[in-house]
Amino acid sequence: PTGVELAYAELSEDSRPSIAVLPFKDMSQGGDQEYFSDGMTEEILNVLARIPDLRVAARTTAFAYKGQDPDLREVGQDLGVRYILEGSVRKAGDDLRITAQLIDTQDNFHVWSESYDRQLDNVFEIQSEIAEAIAGALRVPLGVDEKADLVIPTGDMAAYDLYLEGRARVRARGPENIVTAITLFEAAIARDSAWAPAWAGLAIARSLEPYYQPGTGWPATDAGIWERALSAAERAAVRALALDPDNASARVALGTVYRDRWMW
């Protein structure tokens, strides 16, 4: 041959339904359950992300709208999604009320909505039911044998509460929050040592620890501080993955450890 022929094919657009989960509002009487409502948002987002035939916008982009009352059509355009899930959480002791509504951003019409009045220990069931309802409304398969496979529950609701508060502290960053997050995750593990998410949360917090040093807020300059934190993060991540090989947070933490050790 006298020349080079280049073969190419245009990539077809992803035809899967796309969805963003906006931060659920804290409707609790004291207004002191924001960590729980934010946690519910993250948990529901993670459950939806387990459905192979859905495209789910990243948490960081969706949480940019926290505290706002945006035009959902504009949100859909900004995030490149057609559907928006929004809702609210009201928690009083062991009583829990979660409302959720799915909106088509092309016309701002409701596709589905539901309210759940349950006890706190039914929270994992609610997450599964919301995912199942959304999959049904958008006519996509769950992609799992049982809807219960979408969530990884703990039988200790106090451990779950500690975990959600720990996640909120990690999101907030800063030396005090990271130290507190580590304490909260360790307390959750003390209550349920076989629950992978708590170990993964601890791994993430430990991997961030050397970046936020008490007193300065700056990354540590002592190599010993880095290695102690990274070793603790690695142990927690390995433990989480032993319990749940599909835990994404644990893999993020482990990747962070390897990166900071320059183990490309």
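This passage describes a helix pair, the nonpolar cores and three individual residues in a predicted model.

A good place to start is the pairing of helix α7, which covers residues 196-208, with helix α8, which covers residues 223-243. The axes of α7 and α8 lie 8 Å apart, and the two helices pack at an angle of about 160 degrees. Since angles over 145 degrees count as roughly antiparallel, α7 and α8 are therefore roughly antiparallel to each other. The crossing of α7 past α8 is left-handed. On the α7 side, the contact is formed by Ala196, Trp199, Ala200, Leu202, Ala203, Arg206 and Ser207. Helix α8 contributes Ala229, Ala232, Ala233, Ala236, Ala237, Arg239, Ala240 and Leu243. Sorted by class, the residues in this contact of α7 with α8 comprise 12 nonpolar, one polar and two charged.

Turning to the interior, the largest nonpolar core comprises 65 residues. Within this core, the residues with the most contacts are Leu48, Ile51, Leu85, Ile130, Ile134 and Tyr160. Another core, of 10 residues, lies apart from it and includes Leu22, Ala57, Leu72 and Ile84. For Ile134, leaving aside residues up to four places away in sequence, the contacts are Ile19, Leu48, Leu85, Leu102 and Trp112.

Arg97 offers a view of another part of the chain. This residue belongs to strand β5, which spans residues 95-104. Arg97 counts as partly exposed because its relative accessibility is 33%. When residues up to four places away in sequence are not counted, Arg97 touches Ser88, Val89 and Arg90, and also Ser115, Tyr116 and Asp117. Ala232, one of the α8 residues in the contact with α7, is 135 residues from Arg97 along the chain, and the C-alpha atoms of Arg97 and Ala232 are 37 Å apart.

Finally, two residues invite a look at the backbone. Most residues other than glycine have a negative phi. Arg139, however, has a positive phi, near 60 degrees, and is not a glycine. Arg139 sits in the loop between α4 (123-137) and α5 (157-172). With a relative accessible area of 78%, Arg139 is exposed. Trp262, likewise a residue other than glycine, has a positive phi of about 60 degrees. Trp262 is found in the segment that follows α9 (248-260). The relative accessible area of Trp262 is 67%, so this tryptophan is exposed.

Definitions and conventions: Residues are numbered from 1 along each chain as its sequence is written. This is a predicted model: local features need pLDDT of at least 70, side-chain atom pairs count only at pLDDT 80 or more; totals for chains, interfaces and linings use all residues. Side-chain values use heavy atoms; hydrogens and water are left out. Axes are lines fitted to C-alpha atoms, for helices over the stretch in contact, and angles run from 0 to 180 degrees between N-to-C directions. Helices (H or I, at least four residues) and strands (E, at least two) are DSSP runs, numbered from the N terminus. Angles under 35 degrees count as roughly parallel, over 145 as roughly antiparallel, 65 to 115 as roughly perpendicular and the rest as oblique. A crossing is left-handed if the near helix is turned anticlockwise from the far one by less than a right angle, and right-handed if clockwise. Contact means heavy atoms within 4.5 Å. Ala, Val, Leu, Ile, Met, Phe, Trp, Tyr, Cys and Pro count as nonpolar, Asp, Glu, Lys and Arg as charged, and the others, Gly among them, as polar. A nonpolar core is a set of buried Ala, Val, Leu, Ile, Met, Phe, Trp, Tyr and Cys residues joined through side-chain atoms within 4.5 Å. Buried means under 20% relative accessible area, exposed over 50%, partly exposed in between (1.4 Å probe, protein chains only).
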